[in-house]
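Work through the exercises below with the sequence and the structure open beside you. Each task is followed by a solution in steps.

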Amino acid sequence: MQNKADDHKGEGLITQAGHQVVAFMDYMGGMALFFLDACRVFLSPPWFFRELVGQMFHLGVKSLPLVLVAAFALGMVLAMQSIKVLTWFGAANYIATLVAFAMVRELGPIIAGIMLAARGGAGMGAELGSMRVTRQIDALTVSAVNPMKFLVVTRILACILVLPLLAVFADLIGIIGGMIIGVTQGGMGAWSYYYLTIKFLTLKDVLPGIGKCLVFGAIVGTVSCYHGYHTEQGTFGVGQSTKASVVVSILLILVSNVFLTKLTLLIWP
C-alpha cells in the first residue's frame with residue numbers, strides 16, 4: 001500500500017511538472033505571437049510618429065537619471081573591487097581597460113535594460129492595464145483606431161530605439177566612475193586613465209553591446225505591453241500586470257544575455 005501511495009505521489013508530481021511546462025510554453029508562445037502581431041501591423045500605415053516621440057521621451061529621457069546614477073555607482077564599485085586584485089599582479093594601471101571592457105560589453109546594456117524595465121516597463125504595464133479595465137482600449141477600437149498599432153507598436157519601438165542610447169550614456173558614466181577610483185585610489189593620472197581606456201577599446205567591443213540593447217528593448221516593450229494589454233480582474237489585475245512586467249522583463253534580459261553573449265563571441269571573437 002505504501003509503495004502504491006508513493007507511486008501515485010510520484011505520478012502527481014510529474015503531472016504537475018508537466019502542466020507547469022505546458023503553461024510556460026503557452027505563455028512564451030502567446031508573447032511571441034503578440035510580438036509578431038505587433039511587427040505585422042507596423043508594416044502598414046498609418047504610423048503614429050507623435051505618439052512614438054512621446055513614448056521615447058517618457059521611456060528614455062525620464063529614465064536617464066536612474067541609468068546614470070546606477071551606472072556611475074556600478075563603475076565605481078567595479079573599480080574598487082578590481083583594483084586590489086590587479087595590484088597583486090602589478091597591473092593596477094589596467095583598471096581603466098577592465099572597467100571599459102566590462103561596461104561596454106556587459107554591464108552598460110544590462111543596467112540600462114534593468115532600469116528601463118523597472119521604470120518604463122512598470123509604467124507601460126500599469127498604463128495599458130488601466131486602459132484595459134476601464135475599456136479605453138475598446139473605445140479606441142470603436143473609434144476605428146487600431147489599439148495594437150497606436151498603443152503597443154509605438155511603445156515597443158520606443159523601447160528598441162531609446163535603450164541603445166541609454167546604454168551609451170551608462171557606458172560613459174560607468175567609465176567616469178571607474179576613473180574617479182583609479183585616480184583617487186590607484187594613483188593614476190586622468191590622462192593616463194583616458195589613454196588606457198581607448199587604447200584597447202575597439203568598435204567590435206562596442207557593437208555587441210548595442211546589438212544586445214535592441215533585443216533587450218524588444219523584450220521590455222513586448223513583455224510590458226503583453227501583460228498590460230491582457231489585464232483582467234480589475235484593479236487587482238493592474239497590480240499583477242505591473243509586477244509581472246518588471247519581474248519577467250528583468251528575468252528574460254538576464255537569461256537572454258547568456259545566449260547573446262555566446263552569439264556575439266562567436267561572431268566577434
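## Exercise 1: two buried small residues

Task: find which residues alanine 158 contacts beyond its neighbours within four places in sequence.

Solution. Leaving those neighbours aside, alanine 158 is in contact with Leu52, Gln55, Met56 and Leu59. The model is predicted, and alanine 158 sits in helix α6. Next, take the accessibility: buried means under 20% relative accessible area, so alanine 158, at 0%, counts as buried. Finally, take a C-alpha distance: alanine 158 and glycine 60 are 98 residues apart in sequence and 8.2 Å apart in space.

Task: treat glycine 125 in the same manner, and state whether it is buried or exposed.

Solution. Locate the residue: glycine 125 is in helix α4. Its relative accessibility is 0%, so glycine 125 counts as buried. Not counting residues up to four places away in sequence, glycine 125 touches Ser224, Gly228, Ser241, Thr242 and Ser245. The C-alpha atoms of glycine 125 and tyrosine 226 are separated by 8.0 Å, although the two residues are 101 apart along the chain.

## Exercise 2: the chain as a whole

Task: describe the elements, extent and confidence of the protein chain.

Solution. Start with the elements: the protein chain has nine helices and zero strands. For the extent, the C-alpha trace spans about 65 × 65 × 35 Å along its principal axes. Of the 269 residues, 42% are buried. Then consider the contacts between residues at least 6 apart in sequence: 85% of these join residues at least 24 apart.

For confidence, the mean pLDDT of the chain is 87, and 95% of the residues reach 70 or more. Confidence is lowest in α1, with a mean of 77, and highest in α6, at 92.

## Exercise 3: three helix pairs

Task: give the geometry and the residue classes for the pairs α3 with α6, α6 with α7, and α8 with α9.

Solution. The method comes first. Two packed helices are described by the angle between their axes and the distance between the axes.

Step one, α3 with α6. The axes of helix α3 (residues 64–88) and helix α6 (residues 147–184) come within 7 Å and cross at roughly 40°. The crossing of α3 and α6 is right-handed. Among the residues that make the contact are Leu64, Leu68 and Phe72 of α3, and Phe169, Ile173 and Ile180 of α6. By class, the contact of α3 with α6 has 15 nonpolar, four polar and no charged residues.

Step two, α6 with α7. Helix α7 (residues 190–200) packs against α6 at an angle of about 135°, with the axes 10 Å apart. Angles over 145 degrees count as roughly antiparallel, and α6 and α7 are therefore classed as oblique to each other. This crossing of α6 and α7 is right-handed. From α6 the contact uses Ile175, Gly178, Met179, Gly182 and Val183, and from α7 it uses Ala190, Tyr193 and Thr197. These divide into five nonpolar, three polar and no charged residues.

Step three, α8 with α9. Helix α8 (residues 203–229) and helix α9 (residues 234–267) pack at about 155°, with their axes 9 Å apart. The two helices are therefore roughly antiparallel to each other. The crossing of α8 and α9 is right-handed. Among the contact residues are Pro208, Lys212, Phe216 and His227 of α8, and Ser241, Val248, Leu252 and Asn257 of α9. The classes here are 11 nonpolar, 10 polar and one charged.

## Exercise 4: backbone in two loops

Task: find where the cis peptide bond from proline 45 to proline 46 lies, and where arginine 135 with its positive phi is placed.

Solution. Recall the background. Most residues other than glycine have a negative phi, and most peptide bonds are trans.

First, the peptide bond from proline 45 to proline 46 is cis, with omega near 5°. Proline 46 lies in the loop between α1 (2–42) and α2 (49–61).

Second, phi of arginine 135 is near 65°, a positive value in a residue other than glycine. Arginine 135 is in the loop between α4 (95–133) and α5 (136–142). For its accessibility, apply the cut-off: exposed means over 50%, so arginine 135, at 59%, counts as exposed.

Terms used: Residues numbered from 1 in each chain as written. Predicted model: local features only at pLDDT ≥ 70, side-chain atom pairs only at ≥ 80, totals over all residues. Heavy atoms only, no water. Axes fitted to C-alpha atoms, helices over the stretch in contact; angles between N-to-C directions. Helix = DSSP H or I, 4+ residues; strand = E, 2+ residues; numbered from the N terminus. Left-handed = near helix turned anticlockwise from the far one by under 90°. Contact = heavy atoms within 4.5 Å. Nonpolar A, V, L, I, M, F, W, Y, C, P; charged D, E, K, R; others polar. Buried < 20%, exposed > 50% of the residue type's maximum accessible area, 1.4 Å probe, protein only. pLDDT = per-residue confidence, 0-100. Parallel < 35°, antiparallel > 145°, perpendicular 65-115°, else oblique.
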